[in-house]
Each structure stands twice: as C-alpha cells, then as structure tokens.
Amino acid sequence: MADIRLSTGESTITREMNKRHLTVKLNLRGRDLSSFLKEAQGAIEERITYDHNLYSIEWGGQFENQHRAYSRLAMVIPLALMAMFILLYRAFGTFRQAGLTLSIVLLALFGGMLALNARGMTLNVSSAVGFIAMFGLSIQNGVIMISQFNGLRREGMPLLQAVSDGARHRFRPVMMTAVTTILGLFPASLATGIGSDVQRPLATVIVYGLMFSTVITLFVLPALYYLIERKSENTHSDENN
C-alpha cells in the first residue's frame with residue numbers, strides 16, 4: 001500500500017494566494033533599512049539566476065511600514081509648512097516677514113540632519129516626526145522675536161533701535177523655551193534601553209536641531225530682519241520721492 005521511509009525536508013508547506021511561498025526573516029543591525037534593501041535587491045538580481053515566470057521575490061515587513069509612513073509624511077510635511085506660512089502671513093501681514101520666519105525651518109533642518117549624521121543615525125519615521133515638532137518650536141521662537149520688533153516699531157521706535165532692544169528683551173523668553181525643551185529631551189537622545197530605537201532619533205533631532213535654530217533666532221534673525229526691513233523702507237522712500 002505504501003513505502004514508508006524517513007527523509008529530510010520541509011516540515012510545513014505554506015501557501016498564499018494559492019501559491020507556495022517560503023519566508024526568509026532577518027534582523028538588520030548597524031545600518032539603515034532602505035540602503036540595505038536596495039543593495040540586497042541588486043545583489044539578488046546580479047548573482048542569482050532563476051525563472052521569473054515561476055518564482056517571484058517580495059519584500060515585506062518593516063520596509064512596507066516605512067514606505068507607507070514616508071508616503072504619508074510626503075503629504076503631511078508640505079501641508080504643515082504651507083499652514084505655517086499662511087498663519088505667519090496672517091500674523092505679520094507681509095510675505096517678507098513670513099518668509100523670514102519660515103527660513104528658520106531650513107536652518108533648523110540643517111542642524112537636525114547634521115546631528116543625525118554626527119551620531120551615526122539615519123533619517124527614519126521617528127526622526128521625521130521629530131523634525132515636524134522641531135519646526136514648530138523654531139517657528140514659535142521666531143514669532144516671539146519678530147513680533148517684538150514689529151511692536152516696538154509701531155510705537156515709533158527707529159528700526160535699528162527696535163531690533164537691538166527687541167532682541168535684548170526677547171533673549172530670555174527664547175532661551176527659556178529652548179532650554180526647557182532641550183533639557184527635557186536630552187536624556188531620551190542618549191537612551192539605549194527598550195524603545196530607544198524609536199525615541200532616540202526623535203529626541204536627537206529636536207535637541208540638536210533646536211540648539212542650532214535657537215542660535216540662529218537670537219543672533220542671525222535680528223540681523224536679517226534689519227537688512228530686509230531697511231531695504232523695504234528705502235524702496236518705499238524712493239517710490240514716494
């Protein structure tokens with residue numbers, strides 16, 4: 001009736017979509033997922049010969065989650081920046097001041113990316129969320145500074161004095177906002193325990209990016225404000241003459 005014997009083979013045959021499939025799992029350490037995936041796909045295509053009509057390779061797991069998250073962030077981040085610009089324009093009433101305040105975001109982005117690179121981290125979903133939070137904090141400090149300049153100018157103070165006095169008066173509030181955030185998240189940026197893979201990139205971006213943007217807000221932003229507003233005043237004077 002049957003020939004019974006012992007042999008070596010698969011203990012379980014799995015199927016999906018009415019096709020046999022074999023799952024290969026791995027845990028990646030020491031490098032980012034995207035570059036590894038690109039390298040692995042290229043190596044398989046170059047070194048392994050197989051019939052593409054009979055066999056297919058699909059990559060899933062964390063990569064799929066990351067790809068979906070990046071797709072959402074690609075829509076969320078531009079919308080967030082657009083909303084920030086609209087709110088800044090409504091607050092200041094001029095495109096030049098709204099654009100000047102929003103420029104802090106680009107400088108803060110540079111600081112955050114520099115921190116990730118210096119600490120050997122890569123841009124992932126966690127750090128991208130950290131960038132969004134850091135953008136909001138940076139814009140807040142810029143609004144505090146420029147609102148003070150505009151308020152002093154509306155009181156009749158000359159441009160140069162308004163910038164000088166406003167920067168001095170708003171030094172402490174900006175520093176308090178930055179320092180409390182930095183001190184609160186600094187331990188998370190150094191964490192190595194359970195969950196640190198998620199919290200460490202997020203905290204690193206906020207801590208070091210905010211450090212960079214605070215220096216820009218306190219020392220560079222007043223100078224740029226003065227140059228832009230002086231040019232605007234000179235343009236209006238020439239038009240009136």
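Accessible areas here come from the Shrake-Rupley method with a 1.4 Å probe. With the whole chain of this predicted model selected, the exposed surface amounts to about 16400 Å², of which carbon and sulfur atoms supply 59%. Colouring by burial would mark 31% of the 241 residues as buried.

Next, switch to a cartoon view. Seven helices and two strands make up the chain, and their order along the sequence is β-β-α-α-α-α-α-α-α. The radius of gyration is 27 Å, well over the 18 Å that the globule rule gives for 241 residues, so the chain is more spread out than a compact globule. Aligning the view with the principal axes shows the C-alpha atoms filling a box of roughly 110 × 40 × 30 Å. Among contacts with a separation of 6 or more, 69% join residues 24 or more positions apart.

Now select residues 95-118, helix H3, together with residues 125-154, helix H4. The two helices pack at an angle of about 145°, and their axes lie 8 Å apart. The crossing of H3 and H4 is right-handed.

Finally, display the side chains where these helices meet. On H3, select Gln97, Leu100, Thr101, Leu102, Ile104, Val105, Ala108, Leu109, Gly112, Met113 and Leu116. On H4, the contact is made by Ser127, Phe131, Met134, Phe135, Ser138, Ile139, Gly142, Val143, Ile146, Asn150 and Arg153. What is the division of the residues in this contact into nonpolar, polar and charged? The contact of H3 with H4 comprises 14 nonpolar residues, seven polar and one charged.

Technical notes:
Residues are numbered from 1 along each chain as its sequence is written. This is a predicted model: local features need pLDDT of at least 70, side-chain atom pairs count only at pLDDT 80 or more; totals for chains, interfaces and linings use all residues. Side-chain values use heavy atoms; hydrogens and water are left out. Axes are lines fitted to C-alpha atoms, for helices over the stretch in contact, and angles run from 0 to 180 degrees between N-to-C directions. Helices (H or I, at least four residues) and strands (E, at least two) are DSSP runs, numbered from the N terminus. A crossing is left-handed if the near helix is turned anticlockwise from the far one by less than a right angle, and right-handed if clockwise. Contact means heavy atoms within 4.5 Å. Ala, Val, Leu, Ile, Met, Phe, Trp, Tyr, Cys and Pro count as nonpolar, Asp, Glu, Lys and Arg as charged, and the others, Gly among them, as polar. The radius of gyration is taken over C-alpha atoms; the globule rule is 2.2 Å times the number of residues to the power 0.38. Buried means under 20% relative accessible area, exposed over 50%, partly exposed in between (1.4 Å probe, protein chains only).
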